[in-house]
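The following exercises concern one protein model. Each task is followed by a solution worked in steps.

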Amino acid sequence: RGFVLLDHGEQGVGNFLSLTGGKLTTYRLMAEKCADRICDLLNVDASCSTHQEPLPRSEDGALLEHRTAQRIATGTDRADDPLLCECEMVSRSDLNRVAETSARQHRRPDLAALRLRSRMGKGPCQGTFCSIRVPKYLLGIGDKSNQAEWVAGFLRERWKGVRPVLWGAQLAQAELTRSMHCGFFSLETPGNRGGK
């Protein structure tokens, strides 16, 4: 995926850059290009070394590493650590780790944060089942937030990605998802609109 580095000096706004586009796989290169431009503006003569230095490991970010969640899942006892998202092999302990990290950062671990940090809801069913299991689990550990509102927002994000390509079997899956969430969370009622 491409990216663009914009120098707003051309619009009369000095010392202001925008970096847009890209994806996780291009972030390092994007940062290099931006830093190179800043060095040019500041007359700093230095070469970039980020492509030679590995990033430090982060226990909090371990689930973002390729297939880490699957490795963790296969090494634990399912009876003690049940899966809440089967598509992405995200277990209860995985979500506990994300919730603990969010708490240290003074953030509430809502479904959006859990999705971004654990890949929950990004698998083949697009959150059909885990978006029911996870709010139930959060309620069980004492979270009194508006779970229906969380689910509606979560599904809106999932819907944006799949709506343009729904056809055939995927359309039937989307209808199953809609039926389940309207049935369990009453998302079709005026107070909870915003889901599928």
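**Exercise 1. The core**

Which residues of the largest nonpolar core touch the most other members? Identify them, and then determine which elements supply the core.

*Solution.* The coordinates belong to a predicted model.

Step 1. The largest nonpolar core holds 19 residues, and those touching the most other members are L95, L111, L114, M120, V134 and L187.

Step 2. At least two core residues come from each of β3 (83-85), α3 (92-104), α4 (111-118), α5 (130-140) and α6 (147-162). The most is given by α6, with six residues.

Step 3. Leaving aside residues up to four places away in sequence, V134 touches L84, L95, L111, L114 and M120.

Step 4. As background, nonpolar side chains in soluble globular proteins tend to be buried together.

**Exercise 2. Helix α4 and its end**

List the buried residues of α4, and state the sign of phi at R119.

*Solution.* Step 1. Within α4, the residues L111, L114, R115, R117 and S118 are buried.

Step 2. R119 follows just after α4 and takes a positive phi of about 75°.

**Exercise 3. Cysteines**

How many disulfides does the structure hold? Examine C34 and C130 in support of the result.

*Solution.* Step 1. The criterion for a disulfide is a pair of cysteine sulfur atoms within 2.5 Å.

Step 2. For C34, the closest cysteine sulfur is that of C39, at 9.9 Å, and therefore too far for a bond. C34 is buried, its relative accessible area being 17%.

Step 3. For C130, the nearest cysteine sulfur belongs to C85 and lies 3.9 Å away; C130 is in no disulfide. C130 is also buried, with a relative accessible area of 2%.

Step 4. The structure holds zero disulfides.

**Exercise 4. A nonpolar surface patch**

Which residues make the nonpolar surface patch of about 340 Å²? Locate I38 and classify its exposure.

*Solution.* Step 1. The patch is made by I38, L41, L42 and V44.

Step 2. I38 is placed in helix α1 (residues 27-41).

Step 3. The relative accessible area of I38 is 37%, so I38 is partly exposed.

**Exercise 5. A loop residue**

Where is R163 placed, and is R163 buried or exposed? Give also the C-alpha separation of R163 and A174.

*Solution.* Step 1. R163 is in the loop between α6 and α7 (169-185).

Step 2. The threshold for exposed is over 50% relative accessible area; R163, at 56%, therefore counts as exposed.

Step 3. R163 and A174 are eleven residues apart in sequence, and their C-alpha atoms are 8.9 Å apart in space.

Technical notes:
Residues numbered from 1 in each chain as written. Predicted model: local features only at pLDDT ≥ 70, side-chain atom pairs only at ≥ 80, totals over all residues. Heavy atoms only, no water. Core = buried A, V, L, I, M, F, W, Y, C linked by side-chain atoms within 4.5 Å. Buried < 20%, exposed > 50% of the residue type's maximum accessible area, 1.4 Å probe, protein only. Helix = DSSP H or I, 4+ residues; strand = E, 2+ residues; numbered from the N terminus. Contact = heavy atoms within 4.5 Å. Patch = residues over 30% accessible without salt bridge, like charges linked within 9 Å, V, L, I, M, F, W, Y side chains within 5 Å. Areas by Shrake-Rupley, 256 points an atom, 1.4 Å probe, with all protein chains shown as cover. Salt bridge = Lys/Arg side-chain N within 4 Å of Asp/Glu carboxyl O.
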